[in-house]
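Got your viewer open and a selection box ready? Here is a short walk through the fold, one selection at a time.

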Amino acid sequence: MKRTILLLAAAFFAAGAYAQEWKLAPVWTDIMTSVYISYGYPDEESGSQGEDFFTMWGYKTYTDEGYNPFEVEYFRGSPSQTGNFLKGVRDFAERNMSGMALAVIEGVRVKTFNQPITGIYTGVYNGRDLCMYKAKKWAQIYDSFVEFCKKNNISFE
């Protein structure tokens, strides 16, 4: 019994010693659709190490079973990958204003949709969930990303 307790205690403390702690900084937020772009970096105070990253994520509140909120990640990558991704989506949205175009940008499927009443949307599809905005909003997202990177001296090109 003592041996089991000692093994469990050692495993518990060892897991804490090797845990990575990351801090997230908001880059862009859309409260209406619960979509966010965040900048993740290692927590220096805890001694964590690793590569900085950006992630485009959000919350979905629907499933086939009804209301069941869950977190969705649309894209995650290094600063240069994220810059290429957002710039690619922005350019794709501006080029394909007729609707029904499809591309893969940084490994993520991107498609334009022609909604009869509201117009042309460009969507990012992670294989399960879709995040759609108009071309003007994608340009704003990219501009927010560039501004955040310049303000924090993050190289993304």
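**Stop one: a threonine in a strand**

Start by selecting T112, which sits in strand 6. Keep in mind as you click around that this is a predicted model.

Is T112 buried or exposed? Switch on a surface and you'll find T112 buried: its relative accessible area is 0%, and buried means under 20%. Now show its side chain and look for backbone nitrogens. The one of M100 lies 3.0 Å from a polar atom of the T112 side chain. The backbone nitrogen of A101 is there too, with 2.8 Å to a polar atom of that side chain.

Expand the selection to whatever T112 touches, skipping neighbours within four places in sequence. You should pick up F92, N96, G99, M100, A101, I120, Y121 and T122.

**Stop two: the sheet around it**

Next, go to cartoon view and colour strands 5 to 8. They form an open sheet of four strands in the order 5-6-7-8, paired antiparallel. Which strands stand at the edges? Those are strand 5 (102-105) and strand 8; each has a single partner strand, so one side of each is left without a neighbour in the sheet. Look along the sheet and you can see the twist: neighbouring strands are turned by 30° against each other on average, ignoring direction.

Now walk across it, pair by pair:

- Strand 5 and strand 6 run antiparallel and are joined by four bridges. Select L102 to find K111 of strand 6 opposite.
- Strand 6 and strand 7 are antiparallel as well, over seven bridges. R109 faces Y125 of strand 7 across this pair, and a hairpin links the two strands through three residues.
- Strand 7 and strand 8 pair antiparallel over four bridges. Here T122 stands opposite Y133 in strand 8. The hairpin between them has four residues, and G127 in this hairpin takes a positive phi near 105°.

Linger on strand 7 before moving on: five of its seven residues are buried.

**Stop three: the helices on the sheet**

Add helix 2 to the view. It lies across strand 5, strand 6 and strand 7 (119-125), running at about 165° to strand 5. Helix 3 also packs on the sheet, where it touches strand 7 and strand 8, and its direction makes about 100° with that of strand 8.

Fancy a quick sanity check on helix 2? With 17 residues at 1.5 Å each, helix 2 should span 24 Å, and its end C-alpha atoms are 24 Å apart, which agrees. Colour this helix by accessibility and the buried residues turn out to be P79, T82, G83, F85, L86, G88, V89, R90, F92 and A93.

**Stop four: the nonpolar core**

Last selection: the largest nonpolar core, which has 34 residues. Which members touch the most others? Pick I37, F54, M56, F85, L86, W138 and F145. Elements giving two or more residues to this core include strand 1 (22-30), strand 2 (35-42), strand 3 (53-63), strand 4 (66-77) and helix 2 (79-95). Helix 3 (135-151) is also on that list, and helix 3 gives the most, with eight residues.

To finish, centre on I37. Beyond its neighbours within four places in sequence, I37 is in contact with A25, P26, V27, W28, F54, T55, M56, L86 and I141. Among these partners, F54, M56 and L86 are also on the list of core members that touch the most others.

How values were computed
Residues are numbered from 1 along each chain as its sequence is written. This is a predicted model: local features need pLDDT of at least 70, side-chain atom pairs count only at pLDDT 80 or more; totals for chains, interfaces and linings use all residues. Side-chain values use heavy atoms; hydrogens and water are left out. A nonpolar core is a set of buried Ala, Val, Leu, Ile, Met, Phe, Trp, Tyr and Cys residues joined through side-chain atoms within 4.5 Å. Buried means under 20% relative accessible area, exposed over 50%, partly exposed in between (1.4 Å probe, protein chains only). Contact means heavy atoms within 4.5 Å. The expected span of a helix is 1.5 Å times one less than its number of residues. Two strands pair if DSSP finds at least two bridges between them. Axes are lines fitted to C-alpha atoms, for helices over the stretch in contact, and angles run from 0 to 180 degrees between N-to-C directions. A polar contact is a pair of N or O atoms within 3.5 Å; within protein, one must be able to donate a hydrogen and the other to accept it, and residues adjacent in sequence count only if both atoms are side-chain atoms.
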